Amino acid sequence: MSRKRILTGDRPTGPLHLGHYVGSVANRARLQDEFETFVIIADAQALTTNFDRPERLAEDVLNVAMDNLACGVDPQKSVLFVQSLVPAIAELTVFYANLVTVNQLFHNPTIKTEAAQHNFEESMPFGFLGYPVSQAADITFCRANLVPVGEDQLPHIEMTRKIVRKFNSLYAPVLVEPEARVSEVSRLPGLDGGAKMSKSLGNAIYLSDPPDVVKQKVARAVTDPARIHPTDKGHPEICTVFAWHRAFNRAESDDIGERCRAGTIGCVPCKARLVAVLNEFLEPIRARRAGYEQDPDLVRDILSTGTARARHEGDRTMALVRAAMKIDYFPPPAPAATAGN
Ligand code: ATP
Ligand code: MG
């Protein structure tokens, strides 16, 4: 029996950050032995909020590919590919667009949050409103069973499931209804104390940040505003730095939380410990990334091989979809009967 499939990935809107690692990339690297894994670099989706600067995509496609490879996504096991070069994704998006209503899209909570971030409330590009539909195409073009994502993506996976159910009941049951897999830390907060570390919000620690940048960023991270003196009693549950201890320094985090609450550890040593832990965690990732940075042609080769594989998978799905919708106008002729049959 063939292995179940994963579809997961990122928008090439900048290098990947700690939130990506805990939210999705760590799961990808861990699950790639068990599942046939497709990792999408969603460049068409990046354009929904960056359509006025497409020239930045080429660099960020490479950035995101290198970050995935540096985190252990293995091109021998996983298919790393570029979204806009897989025609099936665009074709499915057109067909799925008839299976959702504009109101469903307007009510999607992640669309609402991101529209506010990009000042799209008054004048929203059609492509931005429709990106959950294109995401349904991303997930279904390779008939994925599982989608490892951060919490912000859950409304989109739910929409994909609805589209799949509607397609399968209207036409024929050829699409796979996927499930989301959220990791233990499904939403890592940003440096500014905001709800989500995000490439587009400038509040991220990148996997490729050098040690001194990590130190500077942690130094200016927002902590519990009620703590003026190191002996003030703290509230770790509202502190960004504590959330990062939880995510990257699990073993010590209970103790640090208790000492913060009791006022026996100040923010300065708490941050210093975090910097040490983060730099130790990031060191092997930086080293592997440096290897790929030396050889961008190797990264392009990996992407081009993965993209060819994804196109092939997309063609197979489109044959099923066209037959289900009865729009396979020119099916290949049935093989001629030969003597003796
Ligand atoms: P952008 O701001 O451009 O949308 P992003 O930082 O949100 O970038 P995406 O490429 O949109 O990154 O997200 C890729 C994957 O990483 C998604 O599954 C998303 O849920 C997950 N992810 C992103 N940020 C976080 C975070 N702070 N915590 C947990 N998961 C995250
Ligand atoms: Mg995002």
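A crossing of two helices is left-handed if the near helix is turned anticlockwise from the far one by less than a right angle, and right-handed if clockwise. Keep that in mind for the next few minutes. One caution before we start: this is a predicted model.

Let's go straight to helices H11 and H12. H11 passes H12 in a left-handed crossing. The two pack at an angle of about 145 degrees, and their axes are 6 Å apart. Which residues make the contact between H11 and H12? From H11 we have Phe 242, His 245, Arg 246 and Phe 248. From H12 come Arg 250, Ser 253, Asp 254, Ile 256 and Gly 257. By class the contact is an even split: three nonpolar, three polar and three charged residues.

Stay with these two helices, and let's talk about cavities. How many cavities of 30 Å³ or more does the structure hold? One. The volume of the largest cavity is about 110 Å³. Its lining has 14 residues. Nearest the centre are Arg 227, Cys 239, Cys 260, Cys 267 and Cys 270. Now, which elements give two or more residues to that lining? H11, spanning 240-248, is one, H12, spanning 250-262, is another, and H13 completes the list. H13 gives the most, with three residues. By class, the cavity lining has nine nonpolar, two polar and three charged residues.

H13 leads us to another helix pair. H13 covers residues 267-293, and H3 covers residues 57-70. Their axes come within 8 Å and cross at roughly 130 degrees. That angle makes H3 oblique to H13. And the hand? The crossing of H3 and H13 is right-handed. On the H3 side, look for Asn 63, Met 66, Asp 67, Leu 69 and Ala 70. On the H13 side, look for Ile 285, Arg 288, Arg 289, Tyr 292 and Glu 293. This contact counts five nonpolar, one polar and four charged residues.

One more pair: H4 and H14. H14 runs over residues 296-324. H4 and H14 pack at about 30 degrees, with axes 8 Å apart. Why do we call H4 roughly parallel to H14? Because angles under 35 degrees count as roughly parallel. In H4, the contact residues are Pro 87, Ala 88, Glu 91, Leu 92 and Phe 95. They meet Arg 311, Gly 314, Met 318, Val 321 and Arg 322 in H14. Six nonpolar, one polar and three charged residues make up this contact.

H4 also has a part in a pocket, so to pockets we go. The second largest pocket holds about 460 Å³ of space. It is lined by 23 residues. Thr 93, Phe 126, Gly 127, Gly 130 and Ser 134 lie nearest its centre. Five helices give two or more residues to this lining: H2 (43-50), H4 (87-96), H5 (102-106), H7 (126-129) and H8. Are there charged residues here, or none? None: the lining has 14 nonpolar and nine polar residues, and no charged ones.

Last stop, the largest pocket. Its volume is about 870 Å³. A total of 46 residues line it. Which of them lie nearest the centre? His 20, Glu 114, Asp 152, Gln 153 and Lys 196. Two strands and three helices give two or more residues each. The strands are S1 (5-10) and S4 (146-149). The helices are H1 (18-31), H6 (109-117) and H8 (131-140). By class, the lining of the largest pocket has 14 nonpolar, 21 polar and 11 charged residues.

To recap the hands: left-handed for H11 with H12, and right-handed for H3 with H13. That's my tour. Thank you.

Methods:
Residues numbered from 1 in each chain as written. Chains lettered and ligands numbered in written order. Predicted model: local features only at pLDDT ≥ 70, side-chain atom pairs only at ≥ 80, totals over all residues. Heavy atoms only, no water. Axes fitted to C-alpha atoms, helices over the stretch in contact; angles between N-to-C directions. Helix = DSSP H or I, 4+ residues; strand = E, 2+ residues; numbered from the N terminus. Parallel < 35°, antiparallel > 145°, perpendicular 65-115°, else oblique. Contact = heavy atoms within 4.5 Å. Nonpolar A, V, L, I, M, F, W, Y, C, P; charged D, E, K, R; others polar. 1 Å grid on protein atoms, 1.4 Å probe; cavity = no way out; pocket = protein on both sides within 12 Å on 5 of 7 lines; lining within 4 Å. Points joined across faces, edges and corners; volume = space filled by probe spheres on them.
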